[in-house]
Amino acid sequence: MTISLLPETPGAWPEFGVADLFAVERAEREAVQLEAIRLRFARLRDKLPALRKLAEKQGVAQIDSLQDLIKICFDHRVMKNYPLAILENRDFPKLTAWLDKLTLHDLSRVDLGGLKSIDSWIERLQDFGLIIGTSSGTTGKLSFMPRSKSELSAWRSSWLVLQEAATGVDPLANPLPSFSTGYRSGHQMAMKPSQLFAQEMYGGRHNLYTLYNGHMSADLMALSGKMQAAEDKGELDRLDIDPELIEQRRQMIEQGRRRPQDMQIWFEKLLTDFRGQRVRIGGMSADLYRVAQAGLDKGLKADFAPGSLVATGGGMKSYKNAPDNWQEIIKTFFGADRLHTFYGFSESIGSQPECACGFYHFFPFTVPMMMGKDGELLPRQGVQKGRLAAFDLLAESFWGGFVTGDEVTMHFDDDCPCGWKGPRIEKTIRRYSEMEGGDDKITCAGSVKAYDEFMDYVMGAA
Amino acid sequence: MGSEMGRLYEIPILSRGRVIPPTDDDCVEFSGRAGARFRCPDPHKHIHDLVLGDAGRLQDLHDLPIAKVMDFLAALGPRLKLADNPYLQESYDLALEAGGLTKPLMTRLYDSLPAMFDRARLEARIEATIGSRYLDSWVPQGTEGPASTVRIRAVGSRQLHITAGNVPIVAPQTVISGALTKSDILIKTPSNDPLTATAVVRTMIDMDPDHPVTRHFAVAYWKGGDSVMDAEVIRPSRIDKITAWGGMASMQHVQKHLKPGIDLVSANPKFSLSLVGHEALESDEAMQEAAMGVAIAAGRFNQTACASTRVVYVESGTDEESLAKLIRFGELVYEGFQSLPPHFSTPADEPNPSLEAEMRAIEMEDDFYWVKGDTVKGGVIVSRFEGRVDFAGELNNRVVNIVPLEDLTSMLGTIDDQAQTIGVYPTALRLRLRDQLAIRGAQRMLPLSSQLIDAVEGGAVPAAPHDGNETLRRMVRWMIDQGPAA
């Protein structure tokens, strides 16, 4: 069926179904995308100080082509270009003033009285009308993504259409008991959907089973480096930090040490409790691999009902010596015929489902661009390898143009055998930050990153 | 992206005077920077060519007077002229391709090789550290007793050197210090410089393959973290001492195999900085002088070395008037970079994408930072508050971060054993902070001035410890012989 996408209201595009969204012809798609971007820029340019500044510097007054757009995409580092010290000192007026340049909401009107923690700051902003998601990259410094409640409905529908595309199952019609190897709550962007859309995804929070019922504290993540340094000097008690937070950190480190055993016990109980039922198994690939391998070693196999889903993310990032056949091991143990994955980045609301042929496809509401070595826009044809940039058309309250830290291989022509149209990327995605040098290049200069056992534990790398 | 195929370099294993080239039946390939590819013999098949399982075979070196060792090194020096030495030319070409340093700097470094082997320099170094008589004889200690006398001798060891590749002089330095300790030396080359050590030792083999010094050098590449190699080589029966350069990854590989009986000298990555007193902001002349000093301290080796200043703490307030002065100081540092002589420091051949992105990202935040320049010409970031940029560890390509501090001593808490070289202006400040810096782990202080080029070019003091370590003295074993007076 032919659908009609209006450039004025891209937030409504995810309301269409998977098949329709991936059937839009290229010429039509690209024309409506460019028009939507043009309108968005004209509306936001003078209202977002950070965007205005970049546009002025780059001499971009209007957008006539993606060549103009790529010059004014924010590097992903812009979402964390505040000095770490203001976060460590919990200087909320400065932090708020910093964030104010990145959102349409007038944050000068937020009452900052009585705030003691980063979590409480995030919650205060959420009461005001934003939805803040954090992300910690390879450096551990937190990014803050200021989404708005005005984007919530587009976010929800894009999330549901993503799930349906990635798994073939409409979660609204089939609310499955779901497992996740993470924490129950937290402000990390990757954890937001399971909290915001629990009703739509699982039929309610009660149907989501997490390894830990605790909260992943943004304060602990933000302050972990500082706390580790203070602890090394025996000065942890001298930091101006809520003692409760110090205790929480101690408990989480303790918990991290037990994590492999906890996960084993937790999973074995789920295997029994849900035997014969249709379930959705989620979590980090590395965790699922460990559980699967440990199970197979004991001669066990999961015995869930046919049609159960294994939906993973995170690749094998935190598990360096994974065997080549880790996916096979997960599939064998859980009795799944495939793993359902998607690719996303916290700067963008929409994410990309994996198709039957093993590519991640972009929905029309996310416009991918490929960037060459010198920041130039690579031709939008054939196969291109380079840095991924994208424009998020669902972003109405913040600037949706971002340059990621990922190297991807993009296929621009609508020729995927799966039948879905739209640009798509291969599954091999590399982070530029991890490609520089490797472990074999030895130099005398640099700074050893302080060993931060807390982050290792909570990120599951230990 | 370096996906285009680079040139294929053939790298032999060098083993005690023998050159073992890779062959089609005995080879492994690996890749380095800038897409270069290398082919070397499979090190797994040559363990016994690399290690000295029988320490008794050190006898020949032990019996050789240190003067003969120095004669040998001094004769090697003149053969290390870039213009005449094809091995060095190959290593030089590769180093240029890899792009760590620009051509004028690289040329200068290679041109400095022969002088490193100057006999007078070697002699001064050995006398100021181990002492030649300790290497050649049993030296009586204290007064001779009627029944017993204590004699001490410095004895050669079997050493593994896991070297760094960011500055090519690490390789000849390793050769010199290895030979001066009358030891058996195995050099594991890094992927970012697999050729320089090979070039120096090959020249040695061409000169005299049967000389005892040559007979105790082996050079090979294997991949860092190759646990088979590490387990085979790092055994108390085969290695006594290890010098390991590099960061956490490199150190962790080694530590896995450390056992009692193996001594580790770690040359871990260092970070250097400068401290500038309020005097520098009080007159134009002082400002000029200190700024030039900072440009030199940061610009040397184009800021690729551990001794290169990256963060500059300046005694200054953070009010608008003080910040205006600080920015003026930053402008002068930037101008200083542009005025450095090309043999000493140059613009980069290519931008540093990651650092460039960090600079462009904080440039948008003018509440917190003032940014000038880029990763080609060099640059200056002035913090408008009392804190350094969060990517200070990435500062490179002649980009410094200038940080105001009301009280300079408030930065002492950040000093630890990673602080390699600390540039200071003025002299009085150096004297005031010297001991406070020392006890926290700092290793070297340097006066910031426009004369600094001459000072750093003049060469190090022969006995200067490296990274707070008396490396030479640690790489030999010290044996006691107690017995009746002769």
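## Chain B: two domains and a buried strand

In this predicted model, 34 Å separate the centres of domain 1 and domain 2 of chain B, taken over C-alpha atoms. Domain 1 covers 8-269 + 467-483 and domain 2 covers 271-457, with bounds from an automatic or database domain assignment. Where they touch, 12 residues of domain 1 of chain B contact 13 residues of domain 2 of chain B (C-beta atoms, placed from the backbone, within 7 Å).

A quick word on bookkeeping: residues count from 1 along each chain as its sequence is written, and chains are lettered from A and ligands numbered from 1 in the order in which they are written. Local features need pLDDT of at least 70 and side-chain atom pairs pLDDT 80 or more, while totals for chains, interfaces and linings use all residues.

Now for strand β18 of chain B, residues 419-425. Six of its seven residues are buried, so the rest of the structure largely encloses β18(B). Buried means 20 or more other C-beta atoms within 10 Å of a residue's own, again placed from the backbone. Strands are DSSP runs of E, at least two residues, and helices are runs of H or I, at least four, numbered from the N terminus. Strands pair if DSSP finds at least two bridges between them, and β18(B) has these partners:

| Partner of β18(B) | Sense | Bridges | Opposite residues |
|---|---|---|---|
| β13(B), residues 271-276 | parallel | five | B:Val276 and B:Tyr425 |
| β19(B), residues 444-447 | parallel | four | B:Leu446 and B:Gly423 |

Helix α16 (residues 427-440) of chain B joins β18(B) and β19(B) in a right-handed β-α-β unit: with the strands pointing away from the viewer, the path from the first strand over the helix to the second runs clockwise.

Notes
Buried ≥ 20, exposed ≤ 12 C-beta atoms within 10 Å, placed from the backbone. Contact = placed C-beta atoms within 7 Å.
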